[in-house]
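Reader: I would like to learn how to read the packing of a protein from its coordinates, beginning with the interior and ending at the surface. Could you take me through it step by step?

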Amino acid sequence: MTTVAPPASTSLAVAAQARDVVKTYGQGEAAVRALDGADVAIDSGRLTAIMGPSGSGKSTLVHALAGLDTIDSGRVLIGDTELTALSERERTLLRRERLGFVFQAFNLIPSLTAAENIALPLTLAGKRPDRAWLAELVEMLGLGNRLDHRPAELSGGQQQRVAVGRALIARPDLVFADEPTGNLDSRHGAALLGFLRDATRTLGHTIVMVTHDPVAASYADRVVFLADGRIVDELSAPTPETVLARMARLDAPASAIGA
Amino acid sequence: MWRLAVKNAVAHRSRLTLTWLAVALGVAFVAGSLVLTDTSSRLLDAQFRTAAAGVDLTVRAAAAFGSAMGVEVERDPLPAHLAERVAGTPGVGQARAVASGPGQLQVRGEPVRPNGPTIVGTWAEAPFTAYELRTGRAPDGGDEVVLDAATAAAHDIAIGDTVTVSATVSRRLEVVGLTGVGEDDGLSDSAVVMVDLGTAQALLDLGTGVTSVDVIAAPDVAVAELRSDLAQALGQEYAVTSGQDAAEASAEAAKESISYLRVVLLALAAAGLLVGAFLIANTFGIVLSQRSRELALLRAAGATGRQVFASVLAEALLIGITGAAGGTAAGVGAAYGLRGLAQRTGLALPDGPLTVTSRTVLVALVAGALVTLLAALGPARRAARVAPVEAMRLAEPARPRPRRRRLITGWVLLALGVAQLGAAAYLRDIAGVALGAVLLFLGLVALGPVLAPRLANAVGRPLDGLGVPGRLARESTVRNPRRTAATAMALALGLALISFVSVLGGSVKAISAGQQEALTADLLIQSAGDEMLGGLSPEVAARVAELPEVGATSSIRYGHWLDGGMTSALTAVDPATLPQVADVEMTAGDLGDLEEGGAVLAEDIAIERGLRVGDQLAMTLPRHGEQQVRIVGVMADESAQALSSGYILSLTTYAQHFNEDVDASVFVALADGVDAEAGRTALETAVSDFPNAEVLDQTHAVAARAATVDQALGLITLLLGFAVVIALLGITNTLALSIVERTREIGLLRAVGMTRRQLRSMIRAEAVLVAVVAVVAGVAVGLGLAAATLVGLSKDELLPIRIPVGQLLAVVGIAVLAGLAAGLLPARRAARLDVLTAIATR
Ligand SMILES: Nc1ncnc2c1ncn2[C@@H]1O[C@H](COP(=O)(O)OP(=O)(O)O)[C@@H](O)[C@H]1O
Ligand SMILES: [Mg+2]
């Protein structure tokens, strides 16, 4: 496998961006500003990791970028499409055609087989999967002999790989993965992360991955750090060590206050 | 545990709402039926009491029995001088001769047809009756009449108008007054026609006779004493009853039909409750399985299985009692609705304020609570078995597989049921058919979780055409066998009863059409009044016989008799003329021998009772009590069916034993060369002043009978529709609950691109699929049971089995559409689910 050095981010097209996004949950006293002026651009063809302490707004950011949730102010764009201008139905169709998802758990419909789960976004649109592409995906994901199994008959790692297959089957512009390895042991986690990286490097996909694991983040081309609903830092070509170091720096003031 | 139960019920109130509603609806039906029938009885009592108020004693001719099948028997007329004799008896204050009987009223050529009887009576005011003049004056002389104000108002009759009153004889009379009883303007469902004694005697063709003598005791005389004195003085021939007793007897007769109505209504209400029980069991099952982790926590914290069990039952009891309370309250409204429905199908039920007895409330509450408790028993037992370790388990609890023992029991019951149905039908054993039906039902309940998903899988194939939503709809229906089974079973039960009733109705119509085949008469005349024994004046037959267009006529009459305590029907015929209007096939003896007395039996009855020509049959007849009647012949079954009963006397014998002087039907054969239309016109003209005489040809006669059957069926089907509504609530409820359960799955589907529209169509497809499963199962079972019942009821020859295809298709169509409607609400709710709450990991 050839490892291509990531080019400078400025020269890359932007797959998605959040501009000054604010999102508040609850009202009055209990109001929580989950996103507080978040500003980020996701580069095309790369694996971007979003890191931050628990409750820092990682999931909220991803949901806003994916059009799964509305925002209070700011802008969200997928490519050139302004999400805030779309109707509910248009957002659904956009998700179906241009976005892919991998969640931490419960990624699959229990009553559908692995193959059917992979093909789901296409069949929902009344289309059939491209055979060659399906075969390639299945081959890469190592799911060859598991296609007729239902989720309950698959291991956690296999289930997450099926979910990745589903996220990629429609050749989306952008894939979101919210803690995809959260429920996996380290061996299965590493395999999945390797696969996500390959999907960007060899297949040219754009992937945004939420994680709080420095090792997972080190698979990314770029790490964006989030704290209190704001982007506070970023790191290119991360290693577990550099990520940890940044994390420690982020945590320091917080723990100082807490102490 | 009780506090926990209350808390749970309150916390899960939205999930339990529809269950509560199901209990309430079922109970409302029960309470409504009781309230309606109680009310009708009380109102009838009150009416007859008010009408007889003031009269202490009534003297009538003695009779072997006072009423049968809701019809009071007509007694011998009393000699005119009896009134004087009574008046002369010591202790009697006043006595009054009364002539009264059934009749008809015609206004401006249009018959007045109340749901109940038209009563021709003798005018009297207080102290003898509670009738009071509202306007005008009392009738005096042969051409004056007083009508009840209600009838007058309904038909726009004013004082000075002329009306035609007919009993045995028909007369045109001038309305001189309008009357009311107590506070009412008339008797409900009846028309009251009051004339003076002489006119009443003339109309009823009593000569100088009277029908009863009303007595008011002298002051200071005890009524009970006077009663025995009077009975002693008058002798065995006469019956002396207290005025209130007589009123009560009349009321009893009128109430008999209400007791049939009560049985039918309560049976239908029970069906509604049974359907509700499925819904309740299902809801508890689902809610508890959704709460199994919470239950496990309770167990882990030290609650015993028994405590969990008790808390679930307590929750059920709470819902049962509150639902039943709501239902009882709603039952009063339901009673109004039921009364309207029943009246529309021609049942004579009095209007008036409703009576709610403490028994009604008690029965309704107990029924509601008991059904809910019993239905929750299974889910409660399963809840008690939840192991404490399940609290620690991350994964969803495994779906319970149907247990082996249950499967075996189910298959055995099903096989026994089918075998029993077949054998009982073959042996013509109707009770056996009922037993088979119960076994079959139990077997289906036990096997539901196995059969329903398979059926759903099979009939759901076409849904795959809808793409992923259709496919998923089928999958999720199959995935929850117990749930699908219970939901579908409830609806299937209602639909099975409806298809059963409609096949039975279709066959009854075919049978009644077949019965006419033995008749060769061109035309027949019947009373339009639907009186049980018919109501044609004999004058009708006499007039028709004289027409030149008519070749032959023959009248028949109906009567009731007691067969060892049981009321039975008989038909009286004219043996001389009957063969001219009907193909009478005798298998033994000779119809002509009837003229000398005796009876002819239908063949099946002769065989059943083991009677042959020459044997004796004990019949209790109204005028002279028990008689030994000689069997003079046996008639083929088809011929007897054309005459509507299996016991046939001659009109001469009938006249000796019955006072009723009305024909049920007059069969008419036209003279040679007279065309049917001309004959019909001639007949209609001849009987035009008999308002209730209806001239029919064979096709119309069949259609008229069919219409009666249709009306009764319509009412029953409508009320069964009520059970279906409860079952549909079940579909809505189950789906709504399962959506709560599938939040994450739905969220995932939405996230990866399922549109709201697709999601809605998925949920609706599930509802329709359950409905279709129910339709297939219900209609199949209903048809099977109807066939078994009809075969079981057959004698030698099989009864016709008519499947009203159009009607069944309509039922199927409505059920499927209703299934779709049942899915609307859950579908909307699912579509509104927030994608994020669904995805958010706990
Ligand atoms: N649906 C919600 N309602 C209320 N508060 C929420 C909701 N979702 C998230 N939050 C709050 O918003 C903040 C950010 O949450 P989230 O984006 O899930 O954080 P992360 O994924 O980084 O752990 C947290 O304080 C969380 O409690
Ligand atoms: Mg998160």
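Reader: Which residues of the largest nonpolar core touch the most other members?

Author: Bear in mind that this is a predicted model. Among the 135 residues of the largest nonpolar core, those touching the most other members are A:Leu61, A:Leu174, A:Phe176, B:Leu491 and B:Ile731. Helix α21 of chain B (residues 698-741) supplies the largest share of this core, namely 14 residues. A second core, separate from that one, has 39 residues, among them A:Val102, A:Ala114, A:Leu141 and A:Phe195.

Reader: With which residues is A:Leu61 in contact, leaving aside its neighbours within four places in sequence?

Author: On that reckoning, the contacts of A:Leu61 are A:Ala18, A:Leu35, A:Ala38, A:Val40, A:Ile50, A:Leu226 and A:Ile231.

Reader: Why do the buried residues of helix α4 of chain A lie on the same side?

Author: An α-helix has 3.6 residues a turn, so residues three or four places apart point the same way. In α4 of chain A (residues 131-141), the buried residues are A:Trp133, A:Leu137, A:Val138 and A:Leu141. They lie on the same side of α4(A) because they cover an arc of only 130° around the axis. Their cover includes α5 (156-169) and α6 (186-201) of chain A, whereas the face turned away from the buried side carries the exposed residues A:Arg131, A:Ala132 and A:Glu139.

Reader: Which residues make a nonpolar patch on the surface?

Author: B:Leu362, B:Val366, B:Leu370, B:Leu374 and B:Leu377 make a nonpolar surface patch of about 470 Å². B:Leu377, which belongs to helix α10 (residues 358-384) of chain B, has a relative accessible area of 32% and is therefore partly exposed.

Note on methods:
Residues numbered from 1 in each chain as written. Chains lettered and ligands numbered in written order. Predicted model: local features only at pLDDT ≥ 70, side-chain atom pairs only at ≥ 80, totals over all residues. Heavy atoms only, no water. Patch = residues over 30% accessible without salt bridge, like charges linked within 9 Å, V, L, I, M, F, W, Y side chains within 5 Å. Areas by Shrake-Rupley, 256 points an atom, 1.4 Å probe, with all protein chains shown as cover. Salt bridge = Lys/Arg side-chain N within 4 Å of Asp/Glu carboxyl O. Helix = DSSP H or I, 4+ residues; strand = E, 2+ residues; numbered from the N terminus. Buried < 20%, exposed > 50% of the residue type's maximum accessible area, 1.4 Å probe, protein only. Core = buried A, V, L, I, M, F, W, Y, C linked by side-chain atoms within 4.5 Å. Contact = heavy atoms within 4.5 Å. Arc of directions from axis to C-beta.
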